[in-house]
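This report describes a protein model, beginning with one side-chain contact and moving outward to the fold and to selected local features. The sequence and structure are shown below for reference.

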Amino acid sequence: MENLLEQYQEAAGYIRSQIGGYVPETAIILGSGLGSLAGSLTETVSIPYTGIPHFARSTAIGHKGNLICGRLGNKTVLAMQGRFHYYEGYTMQQVTFPVRVMKLLGIENLFVSNAAGGINTAFKVGDLMIIRDHINMMPNPLIGKNLECFGTRFPDMTRAYDREFIRLVEQIADENNIPLKKGVYVGLTGPSYETPAEYAFYGKGGGDAIGMSTVPEVIVARHCGIRVFGMSVITNEGYHFADDFVNNADDVLEAADRAAGRMSFLFRSLVEKIG
Ligand code: HPA
């Protein structure tokens with residue numbers, strides 16, 4: 001475990017050495033098809049994951065594998081262009097490794113994004129959903145010896161998604177006529193998409209959208225006191241299935257890409273309003 005802490009420190013030290021005078025307070029994890037937000041950063045330093053000690057590699061499609069530090073609006077941010085998923089075969093420690101490194105770098109706010117299937121029948125492809133809560137159907141990333149220097153053994157998850165951030169984004173969306181949904185994200189391992197019966201099951205259980213990421217990073221971020229804002233792009237509808245319908249990753253990426261501009265605008269506006 002001490003060894004693990006050393007690994008976090010080594011990675012943080014390397015990143016610090018690469019980003020020069022930048023001191024980002026907000027980090028952004030860009031999900032499937034949403035990496036283009038990194039393109040709106042200016043004065044960037046791009047660090048491939050392959051160069052960062054102990055970082056995993058991004059193997060998922062639509063995930064580029066760069067850590068990008070730069071200016072977003074009037075703030076300095078650290079953006080992960082692509083994340084690690086449990087379905088890629090990584091351990092939960094590997095999946096959430098970057099979040100602990102962010103903590104050591106002084107990150108106070110984390111914005112997370114993902115592509116997700118809609119299970120609320122009011123949700124349509126292309127909708128943006130503020131994540132107001134989650135249901136974790138994956139192994140908990142905090143299983144194992146607790147690292148007290150990051151947080152307590154039994155961290156609270158009552159308000160995992162920061163209420164103030166949600167309020168601000170709703171206000172921004174309102175002022176700019178951007179329609180938004182709000183709901184509960186169900187995180188499961190994948191990589192198979194759900195069966196119609198599973199979509200219905202999680203919908204009845206209180207979920208509004210469903211995906212294969214985000215929850216591990218959020219749990220680890222909350223454990224160490226990082227404030228979280230989360231947003232899903234609805235890329236498919238998991239509540240009606242025409243006879244010839246099939247779920248496929250290309251359609252998911254395309255739908256995420258079409259929504260990326262709106263999501264980038266909201267993230268940029270939020271980062272400008274805080275801290
Ligand atoms: N299920 C799980 N993950 C997803 C989906 C889905 O329907 N769409 C995009 N990511």
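In this predicted model, the side chains of serine 232 and asparagine 114 are joined by a polar contact of 2.8 Å. Serine 232 belongs to strand β9, which comprises residues 227-237. Its relative accessible area is 0%, so serine 232 is classed as buried, the cut-off for that class being under 20%. Leaving aside residues up to four places away in sequence, serine 232 touches Asn114, Ala116, Asp127, Leu128, Met129, Ile131 and Tyr185.

**Overall fold**

The protein contains six helices and nine strands. A compact globule of 275 residues would have a radius of gyration near 19 Å, and the value of 18 Å for the protein agrees with this. The C-alpha trace spans about 55 × 40 × 35 Å along its principal axes.

Of the 275 residues, 53% count as buried. The exposed area of the protein is about 11700 Å², and carbon and sulfur atoms supply 49% of that area. Among contacts between residues at least 6 apart in sequence, 83% join residues at least 24 apart. As to charge, the protein has 24 positive and 28 negative charges, and the mean positions of the two sets are 6 Å apart.

**Arginine 71 in strand β3**

Strand β3 covers residues 66-72 and includes arginine 71. With a relative accessible area of 25%, arginine 71 is partly exposed. The side chain of arginine 71 forms a polar contact of 3.0 Å with the side chain of threonine 76. Glutamate 43 lies 28 residues from arginine 71 along the chain, yet the C-alpha atoms of the two residues are separated by 6.2 Å. Both Thr76 and Glu43 are among the residues that arginine 71 touches; the others listed, again without residues up to four places away in sequence, are Tyr22, Ser40, Leu41 and Thr42.

**Helix α5 and histidine 223**

Helix α5 spans residues 215-223 and is mostly covered, with eight of its nine residues buried. These buried residues are Val215, Pro216, Glu217, Val218, Ile219, Val220, Ala221 and His223. They pack against one helix, α2 (92-104), and against the strands β1 (26-30), β5 (109-118), β6 (128-136), β7 and β9. Strand β9, which holds serine 232, is thus among the packing partners of α5.

Histidine 223 lies in α5 and has a relative accessible area of 5%, so this residue is buried. The side chain of histidine 223 reaches the backbone oxygen of glycine 151 at 3.3 Å. Gly151 is one of the residues touched by histidine 223, together with Arg100, Leu142, Asn146, Leu147, Phe150, Thr152, Pro155 and Met157, not counting residues up to four places away in sequence. Proline 191, by contrast, is 32 residues from histidine 223 in sequence and 26 Å away in space, C-alpha to C-alpha.

**Backbone features**

Most residues other than glycine have a negative phi, and most peptide bonds are trans. Against that background, the model contains several backbone angles to note.

| Site | Backbone angle |
|---|---|
| Histidine 54 | positive phi of about 70° |
| Threonine 214 | positive phi, near 70° |
| Glycine 225 | positive phi, near 80° |
| Glycine 190 to proline 191 | cis peptide bond, omega near 5° |

Are the two non-glycine residues with positive phi, histidine 54 and threonine 214, buried or partly exposed? Histidine 54 is partly exposed, at 36% relative accessibility, whereas threonine 214 is buried, at 0%. Histidine 54 is placed in the loop between β2 (42-48) and β3. Threonine 214 occupies the loop between β8 (209-211) and α5.

Glycine 225 follows α5. Proline 191, at the cis peptide bond from glycine 190, is found in the loop between β7 (181-187) and α4 (196-204).

**Summary of the local sites**

Serine 232 and histidine 223 are both buried, at 0% and 5% relative accessible area respectively. The polar contact of serine 232 is with the side chain of asparagine 114, while the side chain of histidine 223 reaches a backbone oxygen, that of glycine 151. Arginine 71, partly exposed at 25%, has its polar contact with the side chain of threonine 76.

Note on methods. Residues are numbered from 1 along each chain as its sequence is written. Side-chain values use heavy atoms; hydrogens and water are left out. Helices (H or I, at least four residues) and strands (E, at least two) are DSSP runs, numbered from the N terminus. Buried means under 20% relative accessible area, exposed over 50%, partly exposed in between (1.4 Å probe, protein chains only). A polar contact is a pair of N or O atoms within 3.5 Å; within protein, one must be able to donate a hydrogen and the other to accept it, and residues adjacent in sequence count only if both atoms are side-chain atoms. Contact means heavy atoms within 4.5 Å. The radius of gyration is taken over C-alpha atoms; the globule rule is 2.2 Å times the number of residues to the power 0.38. Accessible areas come from the Shrake-Rupley method with a 1.4 Å probe; for residues, only the protein chains shown count as cover. Lys and Arg count as positive and Asp and Glu as negative; His and the chain ends are not counted. The place of a charge is taken as NZ of Lys, CZ of Arg, CG of Asp or CD of Glu.
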